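Q: I would like a close look at a single part of this structure. Please start there, then walk me outward through other regions.

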Amino acid sequence: MSDEIKKNYDVTDLTSLEKLEPVRVRPGMYIGSTGTKGLHHCVWEILDNAIDEISNGYGDKACVIINKDKSITIRDNGRGIPTGIHPVKKKSGVEMVFTELHTGGKFNNKNYKTSGGLHGVGAAVVNALSTWLEVEVYQNGNIYRQRFAYAYDQELKRNMPGTPVTKLEIVGKTSETGSKVTFMPDKEVFSTIDFNIDVIDERLQELAFQNKGIHLELVDLRKEEEFRKTYYSENGLLDFIEYLNESKTPIHQQPIFFEGEKTINDINMFGEVCVQFTDSTTEHIASYVNNIPTTEAGTHETGFKTGMTRAFKEGARKLGLIKEKDKEFEGDDLREGMTAIIRIKISNPIFEGQTKTKLGSSEAYTMMNELSYLKFTEWIEDNKEIAAMLINNALQAAQRREKIKKINEAEKRKIGKGAAPLVGKVAVCSLRDSSVAEFIVVEGDSAGGSAKQARDRRFQTIMPSKGKIMNTEKQKLENVLASEELKIFNTAIGTGTLENYREEDLKYDKIIILSDADVDGYHIRTLWMTYIYRYMRPLITNGHLYLAQPPLYKVYKNVKGKEIYKYAYSDDELEAVKKEIGKGALIQRYKGLGEMNPDQLWETTLNPETRTLLQVTVEDAAKAEKMVSLLMGDVVGPRKAYISKYGEF
């Protein structure tokens, strides 16, 4: 049959994927994506196994090495992957772990009280998505080695992912213990196989803070000058919160720290919390389960919030700060300016999805709710003066919230009475299909005019931005919500902000920031990203925010009356384009978007077929929080140090 759907559906239509083929066919099901995030997720899968060994008392060191050939090595000094032959499978433990899904030592509590690598698929998934993978195990005085590759499978008579190309062999003697896994990500699977050292650096730093007393190391061999960094924390979460609040001003110097353990329904749990309030107007919670960052939160975070709010509400009445008939503050009011780290270890956790970004275990809610209520109640009793200050801040935040609510309701009534806040300010597209519609914020009226002419009116909405919006990191909430420019943006997008954000009301699939490719343009991008990160973060976490990439140069020449041209998006690319155009090439440098005519703007920056968009992601919540505060906050010292270190002058 050609393009018609087959009418008869029978057994010949069934396809069976063998061994690790399902991972290769649907990698997103196992690692989330095949972009940068998925690439680094492979590192986390192997690294999590090493940290599980260490956090359960077996070993105290792990090392990540980025090799010259772009492969990556993870080494630990734990017990080592089992090398014995399985009595039923008749294979070594190493071969089982790397070739069979749902194989591991974490499905009961005999080997690990708690583990981050829960499903037993991590090592096999990494193998399936690699060109080759090599394992060394140091055990029983021997060095064992086995190699796997995308190679011909004798049994299935075709190339298969993760195929053993050698047996598990003894290649030497050693007095050490542990495992070393080296793998080369497959460039046929991933959009890039270049590991980002900053992403790995931040993850190792977090792991050191969470596991005080362990030694971690990062080595990068890709450049001539070898990069090497070690990580160690003596005070754990107390060091972590100081690191996160480096660019903020704490309003009480001694952080609130507590820990506790509990067993519910045969589930063993240990919880650890560190909290410090700052003069910031936003809250930040970094939460972890068995060393895994839970960027989508979960039951442990909800339990913490519930217990904390209850303790402070009761404390407010005991301290006489709220009378019986007074209006209470809400949890959001209390947490304004709070930085918190929540870390739990739990046996048999229930995660939502293989990428383990949201905890679903009900026992974790109960445990963290009870622990937080008890410990905060004790802390309030022992620190009445600071507690009173935090409660008064919460009451003031509640008053501001009520004021903002009235402002928002007034805005809605205006719209309801026929006031059209977007007329003349936003060029709205004709389609009402939010799955394809794009909202493009363009720097300046001049460029906005060109963009309105250049756009595809069916699905592209244009909002010209009048210069720079306010730095929302330094502004009070009521000032941010009173900004006319931001009101227009909020009304057009439709989602609401902060706790009122509703994904189902989003009118556009892509929110695109289009600014000049210069210092001012980058600053405008940063201001918008800061606002969205603080007030509409799901736009980022759900993959809706993008940065447009306008060209820096047009390279052209006339050949027999016809113009030949190409665009260059960076200085490095310019040299390559000049060579391509050849002798006699002329160069036009675009100083701003306003210099481009509508046809050029469409061809280079707005046309989905030819443009380049950078998707804005929050790879790591703690890093993003720290960087926004560092670059956009009030504290100058850390920002100056960062610019001195990384600025290219």
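In S7, which residue is the bridge partner of Thr-73?

A: The bridge partner of Thr-73 in S7 is Thr-182. Keep in mind that this is a predicted model.

Start with the strand itself. S7 covers residues 178-185. Seven of its eight residues are buried, so S7 is largely enclosed by the rest of the structure. Strand S2, residues 72-76, is joined to S7 by five bridges. These two strands run antiparallel. The pair Thr-73 and Thr-182 belongs here. S7 also pairs with strand S3, residues 130-139. That pairing is antiparallel too, over eight bridges. Within S3 and S7, look for Tyr-138, which stands opposite Gly-178. A general point helps when you look at strands: in a regular strand, side chains alternate between the two faces of the sheet.

Now move to another sheet. It is open, has three strands, and follows the order S20-S19-S21 with antiparallel pairing. Its edge strands are S20 (562-568) and S21 (586-589), because each pairs on one side only. From one strand to the next, the twist averages 25°. S19, residues 553-559, pairs with S20 in the antiparallel sense over seven bridges. Val-559 stands opposite Lys-562 in S20. A helix packs on this sheet: H17, residues 571-581. H17 touches S19, S20 and S21. The direction of H17 makes about 155° with that of S20.

Next, take a pair of helices. Two packed helices are described by the angle between their axes and the distance between the axes. H12 (residues 445-454) and H18 (residues 598-606) pack at about 80°, with axes 8 Å apart. They are therefore roughly perpendicular to each other. On the H12 side, the contact is made by Ala-447, Ser-450, Ala-451, Gln-453 and Ala-454. H18 brings Pro-598, Leu-601, Trp-602 and Leu-606. By class, that contact has seven nonpolar residues, two polar ones and no charged ones.

Helix H10 allows a check on length. It holds 21 residues, 362-382. At 1.5 Å a residue, H10 should span 30 Å. Its end C-alpha atoms are 31 Å apart, which agrees. The buried residues of H10 include Glu-363, Asn-369, Tyr-373, Phe-376 and Trp-379.

Helix H11, residues 384-416, holds Ala-397. At 4% relative accessibility, Ala-397 counts as buried, because the cut-off is under 20%. Ala-397 touches Asp-333 and Glu-336, leaving aside residues up to four places away in sequence. Arg-335 is 62 residues from Ala-397 along the chain, yet their C-alpha atoms are separated by 9.5 Å.

Finish with two backbone details. Most residues other than glycine have a negative phi. Ala-297 is not a glycine, but has a positive phi of about 65°. Ala-297 sits in the loop between strand S13 (292-293) and helix H8 (299-318). With a relative accessible area of 18%, Ala-297 is buried. Asn-348 is not a glycine either, and has a positive phi of about 55°. Its place is in the loop between strand S14 (338-346) and H10. At 36% relative accessibility, Asn-348 counts as partly exposed.

Methods:
Residues numbered from 1 in each chain as written. Predicted model: local features only at pLDDT ≥ 70, side-chain atom pairs only at ≥ 80, totals over all residues. Heavy atoms only, no water. Axes fitted to C-alpha atoms, helices over the stretch in contact; angles between N-to-C directions. Helix = DSSP H or I, 4+ residues; strand = E, 2+ residues; numbered from the N terminus. Parallel < 35°, antiparallel > 145°, perpendicular 65-115°, else oblique. Contact = heavy atoms within 4.5 Å. Nonpolar A, V, L, I, M, F, W, Y, C, P; charged D, E, K, R; others polar. Expected span 1.5 Å × (residues − 1). Buried < 20%, exposed > 50% of the residue type's maximum accessible area, 1.4 Å probe, protein only.
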